[in-house]
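Trainee: Please take a close look at strand pairing. Start from a single residue pair, then work outwards.

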Protein chains: 2
Amino acid sequence: MNVTIYDVAREAGVSMATVSRVLNGTAVVKEETRKKVLDAIKKLHYRPNAVARGLASKRTKTIGVIVPDVSAPVVAEMVRGIEDIARMYQYHIILCNSDGQLEREKDLIGTMWEKQVDGLLFMGHDISQELVKTFEDAQLPVVLVNTVDPENRIPSVNVDNRQAAYEATQFLVKEGARRILFLGGPRSHLVLGEPRYSGYLQVMQEQMLEPLLFECEDTDYETGLTAMKQWLAQGKQLDAVLAATDELATAAMHACQEAGYQIPSQVKVISFDNSRLTFMVRPELTTIVQPLYDVGAVSMRLMTKLLHDEPVDSYSVILPHDMVIRQST
Amino acid sequence: MNVTIYDVAREAGVSMATVSRVLNGTAVVKEETRKKVLDAIKKLHYRPNAVARGLASKRTKTIGVIVPDVSAPVVAEMVRGIEDIARMYQYHIILCNSDGQLEREKDLIGTMWEKQVDGLLFMGHDISQELVKTFEDAQLPVVLVNTVDPENRIPSVNVDNRQAAYEATQFLVKEGARRILFLGGPRSHLVLGEPRYSGYLQVMQEQMLEPLLFECEDTDYETGLTAMKQWLAQGKQLDAVLAATDELATAAMHACQEAGYQIPSQVKVISFDNSRLTFMVRPELTTIVQPLYDVGAVSMRLMTKLLHDEPVDSYSVILPHDMVIRQST
DNA sequence: CTGAAAGCGCTTACAG
DNA sequence: CTGAAAGCGCTTACAG
């Protein structure tokens with residue numbers, strides 16, 4: 001048998017209620033009683049059972065975190081931000097991977113409910129009506145992490161991807177580039193697809209330049225390499241590439257180099273994310289900085305506000321992005 | 001109010017015990033009764049409360065996962081392996097970062113106990129006596145993930161780092177290298193420190209070659225770049241570098257290239273980990289493959305065996321490593 | 001400031 | 001094959 005709050009109460013000569021009070025600070029307890037309880041706790045090496053507490057209080061101090069895939073560095077970085085802030089507020093996180101599949105996402109939301117999490121941090125590619133309905137059914141506070149709800153029905157923390165792409169493209173134009181290729185991820189991806197496309201597109205239209213789009217099915221290096229080679233094989237001329245991720249950008253650089261282009265003198269490259277990759281490739285990548293850790297941290301902070309009924313400035317937080325200029329431009 | 005097992009029982013005209021039985025399959029239930037219960041569950045949209053279940057059954061179906069830092073790609077990869085297998089066996093994971101600090105690790109083990117996790121997957125750099133004691137106090141099944149307990153007191157899943165380093169060094173010798181530098185992480189690190197050092201050292205001694213060791217305080221690119229430049233500044237000649245991580249190896253390549261060495265013709269480089277970095281740098285890195293995902297997956301599988309009293313072949317699993325030869329050798 | 005008691009929503013012997 | 005009842009270890013009105 002393990003030591004319970006009952007044992008502590010007996011040892012200290014008080015009631016369980018009193019032990020609970022000193023444990024949780026939920027009511028004033030006479031200093032003397034308090035000390036007796038604390039001594040008993042120490043003596044018995046008592047540790048409260050969080051499951052029992054969760055059942056009784058209906059708060060588990062646990063947050064469900066659903067991500068497409070933790071093994072993606074970009075995701076892992078945000079998860080770290082989430083966990084750091086969670087700990088700060090005495091929460092734990094249950095982490096699940098959805099692979100971005102709707103069925104799995106819905107299933108996970110259900111099991112998160114079963115686990116009685118206090119709230120849900122959700123990362124995904126697309127917030128469909130069906131998903132919103134599932135969130136509602138679960139009756140859980142939800143914060144979208146680096147995930148946009150086009151209709152803003154759900155609190156979220158994001159970066160302005162459209163604006164970032166706009167600025168990056170404008171930078172390329174200022175540097176003299178005219179034939180600028182956008183090497184993008186799946187357009188349906190509401191974070192790194194459409195918004196980045198459209199920011200790029202706007203500059204091209206404003207500048208009366210011909211948009212050159214290549215939509216990759218995925219955002220990894222291998223996909224990018226194939227895509228870029230394919231594009232180059234068409235024999236079109238090129239001044240610059242704006243790539244939707246660091247891996248795509250790296251692939252673009254390599255494909256261009258292989259095709260005989262000098263970077264940055266002949267072709268300039270800008271990427272998104274500012275992952276560690278950007279300074280480990282040659283030339284080092286100029287890149288849009290996404291404050292990924294902060295996106296995770298702010299999401300979790302927003303969650304604590306929702307949970308504790310603290311005032312919230314904005315339910316759709318946009319974190320500032322930045323651009324780091326390195327050797328590829 | 002939420003719908004509980006009591007509501008289902010009433011709706012189906014049976015007892016709560018019976019509902020529990022069809023829910024958990026813990027006893028044979030007449031098909032007809034079973035159907036009534038299932039219908040009631042569906043009708044009421046009933047979902048069992050896992051917290052109550054956890055309290056009553058003393059099994060939470062939750063595993064605590066303590067890692068130094070999820071945002072390290074190597075770690076994230078293992079966590080993904082863990083979570084996949086956990087899901088397969090209907091477990092969830094609570095993820096925590098320790099930053100490899102003993103105090104935090106001990107603290108986390110305690111809170112994991114409070115959360116009543118069924119078991120603990122632990123990743124760290126060093127398994128001290130104090131930590132072992134904390135594990136014992138928590139009375140939880142523990143599996144070490146990519147973490148060695150020098151005295152083998154705790155079940156673990158690892159790769160034979162010593163052997164891997166031995167083979168890599170031997171490969172370099174066969175390729176004609178004589179002056180081989182080992183660019184290592186902190187020697188105190190029981191996974192990527194000492195074992196890799198010693199495998200390297202053994203070959204050098206067998207071959208009567210002078211060992212050239214450089215111990216970095218960390219294993220990241222920046223540290224490696226500084227270290228390697230410092231080493232090269234001594235003006236010593238070099239045929240090859242064996243680096244303890246992909247980032248260190250990348251740094252070594254860049255420092256050598258900057259110093260005018262051709263890779264691989266003048267200096268060969270081999271790294272550890274086979275992360276995505278290895279094929280995104282030029283030249284692509286020859287590397288020791290660590291089956292990281294599998295290390296995580298097998299650890300979790302071992303945990304389920306411990307939890308369900310399944311027979312276990314070995315409590316210290318060693319997974320096979322491999323070597324991928326690319327352009328850097 | 002403190003205690004007695006009900007209750008959180010399940011599981012699990014026990015009995016039949 | 002099924003039910004009644006105790007119990008898991010806490011919290012929380014309620015009362016004083």
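Mentor: Ala240(B) faces Lys268(B), a residue of β9(B). The link is part of a parallel pairing: 3 bridges tie β8 (residues 240–243) of chain B to β9(B). Two strands count as paired when DSSP finds at least two bridges between them. Strands are DSSP runs of E, at least two residues long, and helices are runs of H or I, at least four; both are numbered from the N terminus.

This is a predicted model, where local features need pLDDT of at least 70, side-chain atom pairs need 80 or more, and totals for chains, interfaces and linings use all residues. Residues count from 1 along each chain as its sequence is written, chains are lettered from A and ligands numbered from 1 in the order written, and side-chain values use heavy atoms, without hydrogens and water.

Now widen the view. The open sheet in chain B has 6 strands, with mixed pairing, in the order β7-β6-β8-β9-β10-β12. β7 (212–215) and β12 (322–324) of chain B have a single partner each, so one side of each lacks a neighbour in the sheet. On average, neighbouring strands here are turned by 20° against each other, direction ignored. Such angles run from 0 to 180 degrees between N-to-C directions, with axes fitted to C-alpha atoms.

Turn to chain A. Its open sheet of 6 strands has mixed pairing and reads β7-β6-β8-β9-β10-β12. The edges are β7 (212–215) and β12 (322–324) of chain A, which pair on one side only. At that β7(A) edge, β6 (residues 180–184) of chain A runs parallel to β7(A), joined by 4 bridges. Phe182(A) sits opposite Leu213(A) of β7(A).

How do the chains relate? A turn of 180° and a shift of 0.0 Å along the axis lay chain B on chain A, with an RMSD of 0.0 Å. That is a two-fold axis relation. In chain B, Ile94(B) has the C-alpha nearest the axis, at 2.3 Å. The fit is by least squares on C-alpha atoms with pLDDT of at least 70 in both copies.

Look at the loops next. In chain A, Pro264(A) lies between α11 (246–258) and β9 (268–273). Its bond with Ile263(A) is cis, with omega about 10°. In chain B, Pro283(B) is in the loop from β9 (268–273) to β10 (286–289). A cis peptide bond links Arg282(B) to Pro283(B), omega near -10°. Most peptide bonds are trans, and most residues other than glycine have a negative phi. Lys61(B) has a positive phi, near 60°. Its place is the loop between α4 and β1 (62–67) of chain B.

Then the cavity. There is 1 of 30 Å³ or more. A cavity is a set of points on a 1 Å grid over the protein atoms alone where a 1.4 Å probe fits but cannot get out; lining residues have an atom within 4 Å of a point. The largest holds about 210 Å³, counted as space filled by probe spheres on grid points joined across faces, edges and corners. Its lining has 14 residues; Val51(A), Lys115(A), Val51(B), Thr62(B) and Lys115(B) lie nearest the centre. α4 (50–57) of chain A and α4 (50–57) of chain B are the elements that give two or more residues to that lining. By class, the lining is 6 nonpolar, 6 polar and 2 charged. Charged means Asp, Glu, Lys and Arg; nonpolar covers Ala, Val, Leu, Ile, Met, Phe, Trp, Tyr, Cys and Pro; the others, Gly among them, are polar.

Notes:
1 Å grid on protein atoms, 1.4 Å probe; cavity = no way out; pocket = protein on both sides within 12 Å on 5 of 7 lines; lining within 4 Å.
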